[in-house]
Amino acid sequence: MNVIPDKPNRTVPKIVQPGSSEVLNATNFLSSLGGPKHAHQMPNQAYELPLTSSQEYGWRPKPLLPGSPMFQYRKTKCDVTDYAEAYAASMGGESPYMHTNPAKAAAAK
């Protein structure tokens, strides 16, 4: 059996766990340096203008102009969709293209 020695530059650092008082002191020191002042606000509420180009999209949540009814196309029914709904209703409310449950199909036989 061949034994491969450790690498000559391998070191094992000694990890010292900080105490709770040291963690508390470090947290207080970091918060005294200044944290995010507007962390609880949305970016468009905290700043007047977007800071990055990605923030420009959606910066103003309200539309600039009101919607025109000329460009609003509502969903309407036609004779084909009426036929499809009637066909699906005659099939027990299930579409013919729906995958059937194998347990339900076995129970129906």
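**Figure 1. Four helices in a row.** Read from start to end, the protein runs α-α-α-α. That makes 4 helices and 0 strands. Keep in mind that this is a predicted model. Its mean pLDDT is 80, and 83% of the residues reach 70 or more. Confidence is highest in helix H1, with a mean of 86, and lowest in helix H4 (residues 102–108), with a mean of 63.

**Figure 2. The surface of the whole chain.** How many of the residues count as buried? Of the 109 residues in the protein, just 2% do. The accessible surface adds up to about 11,300 Å², and carbon and sulfur atoms account for 60% of that.

**Figure 3. A close look at helix H1.** This helix covers residues 20–33, so to speak, from one end to the other: 14 residues, with 20 Å between the first C-alpha and the last. That is close to the 20 Å expected at 1.5 Å a residue. Is H1 well covered or hardly covered? It is hardly covered, and the count of buried residues among its 14 is 0.

**Figure 4. A nonpolar patch on the surface.** Here you can pick out Phe29, Leu30 and Leu33, which together make a nonpolar surface patch of about 360 Å². Leucine 30 sits in helix H1. With a relative accessible area of 58%, leucine 30 is exposed, because anything over 50% counts that way.

**Figure 5. Two tyrosines on helix H3.** Which rings pair up here? Tyrosine 83 and tyrosine 87 do, as a stacked aromatic pair, with 6.3 Å from centre to centre and 25 degrees between the planes. The pair count for the structure comes to 1. Both tyrosine 83 and tyrosine 87 belong to helix H3 (residues 79–90), where they are 4 residues apart, about one turn of the helix. An α-helix has 3.6 residues a turn, so residues three or four places apart point the same way. The angle of 25 degrees is why the pair is called stacked: the planes have to be under 30 degrees apart for that word. As for cover, tyrosine 83 is exposed at 58% relative accessibility, while tyrosine 87 is partly exposed at 36%.

**Figure 6. Helix H3 from end to end, and what follows.** How far apart are the end C-alpha atoms of H3? They are 16 Å apart, which agrees with the 16 Å that its 12 residues should span at 1.5 Å a residue. After H3 comes glycine 92, and its phi is positive, near 90 degrees.

**Figure 7. A salt bridge between arginine 10 and aspartate 6.** The structure holds 2 salt bridges, and this view shows one of them, where the side chains of arginine 10 and aspartate 6 meet at 3.7 Å, N to O. The pair counts because the cut-off is 4 Å between the nitrogen and a carboxyl oxygen. Both partners are out in the open: arginine 10 is exposed with a relative accessible area of 55%, and aspartate 6 is exposed at 58%.

**Figure 8. A salt bridge between glutamate 85 and lysine 77.** In this view the side chains of glutamate 85 and lysine 77 meet in a salt bridge of 3.1 Å, N to O. Are these partners exposed or only partly exposed? Lysine 77 counts as exposed, at 56% relative accessibility. Glutamate 85 has a relative accessible area of 45% and is partly exposed, because it falls short of the 50% that exposed residues must pass.

Terms used
Residues are numbered from 1 along each chain as its sequence is written. Side-chain values use heavy atoms; hydrogens and water are left out. Buried means under 20% relative accessible area, exposed over 50%, partly exposed in between (1.4 Å probe, protein chains only). Accessible areas come from the Shrake-Rupley method with a 1.4 Å probe; for residues, only the protein chains shown count as cover. Rings of Phe, Tyr and Trp (its six-membered ring) pair if their centres lie within 6.5 Å; planes under 30 degrees apart count as stacked, over 60 as edge-to-face and the rest as tilted. The expected span of a helix is 1.5 Å times one less than its number of residues. Patches are made of residues with over 30% relative accessible area and no salt bridge: like charges are joined within 9 Å, nonpolar side chains (Val, Leu, Ile, Met, Phe, Trp, Tyr) within 5 Å. pLDDT is the predictor's confidence in each residue, from 0 to 100.
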